[in-house]
Amino acid sequence: MSILAVFNQKGGVGKTTTSFNLSAAMRRDNVHPLLLDLDPQCHLTMLAGVQTQLGTSLYGFYKEGRQLTDLIRQLPNGFNLIPSHIELCKMDMLLGREPRIATKLRNAIRSEMLETPDMPIVFDCCPMLGVLSINALVAAERVLVPVAADYLSYQGAVQLSHTLTGLEHALKRKFKRRYLITRFDKDRKTSQEIVDKLRDTFGDDVCDTVISESAPLAEALLLGKDVFQYDAAKAAADEYTKLFEELVGCGFLPIGD
Ligand SMILES: Nc1ncnc2c1ncn2[C@@H]1O[C@H](COP(=O)(O)OP(=O)(O)OP(=O)(O)O)[C@@H](O)[C@H]1O
Ligand SMILES: [Mg+2]
């Protein structure tokens with residue numbers, strides 16, 4: 001069983017890119033993840049080429065009492081997706097004070113028995129610690145934190161580690177955490193400096209694999225393709241394969257357990 005939240009309160013660090021391409025790496029290994037787009041910006045939903053209506057998105061689950069199982073789309077590219085909807089941006093206002101809202105997603109995943117050894121669940125979170133991200137973190141026991149290789153992203157990662165520690169106290173359990181350096185530019189001195197700082201600060205919690213800044217990766221996204229579907233992005237595809245293998249190898253993604 002493996003439920004993974006891809007989360008960072010900092011925007012634009014590669015959460016969606018990583019959710020999408022790490023899931024694509026799983027698919028190549030015949031593992032078909034269930035992706036939940038927990039971001040009202042709907043970026044993952046758009047990348048997957050899915051058009052959503054309110055009731056058939058996660059909004060249907062949060063506001064209309066629908067089962068998660070009924071909302072799963074099986075996509076031709078081998079992903080299972082529960083799409084987002086822009087109206088989910090109202091969740092904090094609509095549900096923020098509801099008792100037990102923090103456990104709603106976790107309870108549904110359990111009661112609908114969506115946790116299976118063959119289908120890892122991946123949450124693409126929004127860049128804000130509101131109802132949706134809290135739901136993801138309560139449901140997940142693993143958090144993958146993409147951190148872009150720049151100074152403000154480093155500072156954001158330090159803040160986030162405090163946030164996660166606070167949540168661990170509240171939830172009375174530990175998250176397994178991994179920090180993933182993204183958008184690394186080998187020609188930029190500051191990129192390497194930030195990598196060193198991250199490794200000094202977070203030690204073994206930083207993935208060995210680094211995702212480089214890559215124009216073909218960005219082009220692939222523009223075309224709605226993952227890096228494995230776009231030949232020019234081979235270098236990025238190799239990095240995401242390496243990431244998948246590393247996460248499985250170190251037990252962070254217990255595929256098939
Ligand atoms: N390794 C990379 N190389 C080049 N461009 C990248 C890379 N990773 C992400 N990008 C680009 O950076 C932008 C932000 O990436 P992405 O949407 O994955 O970040 P995010 O953390 O999900 O953002 P948000 O916080 O808004 O949800 C995207 O336009 C994407 O194309
Ligand atoms: Mg995103």
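This dialogue goes through the ligand site and the sheet of a predicted model.

User: Which residues are the closest to ligand 1, and how many surround it?

Analyst: A residue counts as near a molecule if one of its heavy atoms lies within 4 Å of it. Here 18 residues surround ligand 1, and the closest are Lys15, Thr16, Thr17, Arg183 and Ser214. By class, the shell holds six nonpolar, eight polar and four charged residues.

User: Which elements each supply at least two residues of that shell?

Analyst: Those elements are α1 (15-28), β8 (206-212) and α10 (215-222).

User: What polar atoms lie opposite the oxygen atoms of ligand 1?

Analyst: A polar contact is a pair of N or O atoms within 3.5 Å. A polar backbone atom of Thr16 is 2.8 Å from an oxygen atom of ligand 1. For Thr17, an N or O atom of the side chain is 2.5 Å from a ligand oxygen. Asp39 has a polar side-chain atom 3.4 Å from an oxygen atom of ligand 1. Of the 620 Å² that ligand 1 exposes when taken alone, the protein buries 82%.

User: Where does ligand 1 sit among the pockets?

Analyst: The space that ligand 1 takes is the largest pocket.

User: What is the strand order of the sheet, and which strands are at its edges?

Analyst: Two strands pair if there are at least two bridges between them. The open sheet has eight strands in the order β3-β4-β2-β5-β1-β6-β7-β8, and its pairing is mixed. At the edges are β3 (73-74) and β8, each pairing on one side only.

User: In what sense does β8 pair with β7?

Analyst: β7 (residues 176-184) and β8 are parallel, over three bridges. Tyr179 stands opposite Val206 of β8.

Note on methods
Residues are numbered from 1 along each chain as its sequence is written. Chains are lettered from A and ligands numbered from 1 in the order in which they are written. This is a predicted model: local features need pLDDT of at least 70, side-chain atom pairs count only at pLDDT 80 or more; totals for chains, interfaces and linings use all residues. Side-chain values use heavy atoms; hydrogens and water are left out. A polar contact is a pair of N or O atoms within 3.5 Å; within protein, one must be able to donate a hydrogen and the other to accept it, and residues adjacent in sequence count only if both atoms are side-chain atoms. Accessible areas come from the Shrake-Rupley method with a 1.4 Å probe; for residues, only the protein chains shown count as cover. On a 1 Å grid over the protein atoms alone, a cavity is a set of points where a 1.4 Å probe fits but cannot get out, and a pocket is an open set with protein on both sides within 12 Å along at least five of seven lines; lining residues have an atom within 4 Å of a point. A molecule sits in a cavity or pocket if more than half of its atoms lie within 2 Å of its grid points. Helices (H or I, at least four residues) and strands (E, at least two) are DSSP runs, numbered from the N terminus. Ala, Val, Leu, Ile, Met, Phe, Trp, Tyr, Cys and Pro count as nonpolar, Asp, Glu, Lys and Arg as charged, and the others, Gly among them, as polar.
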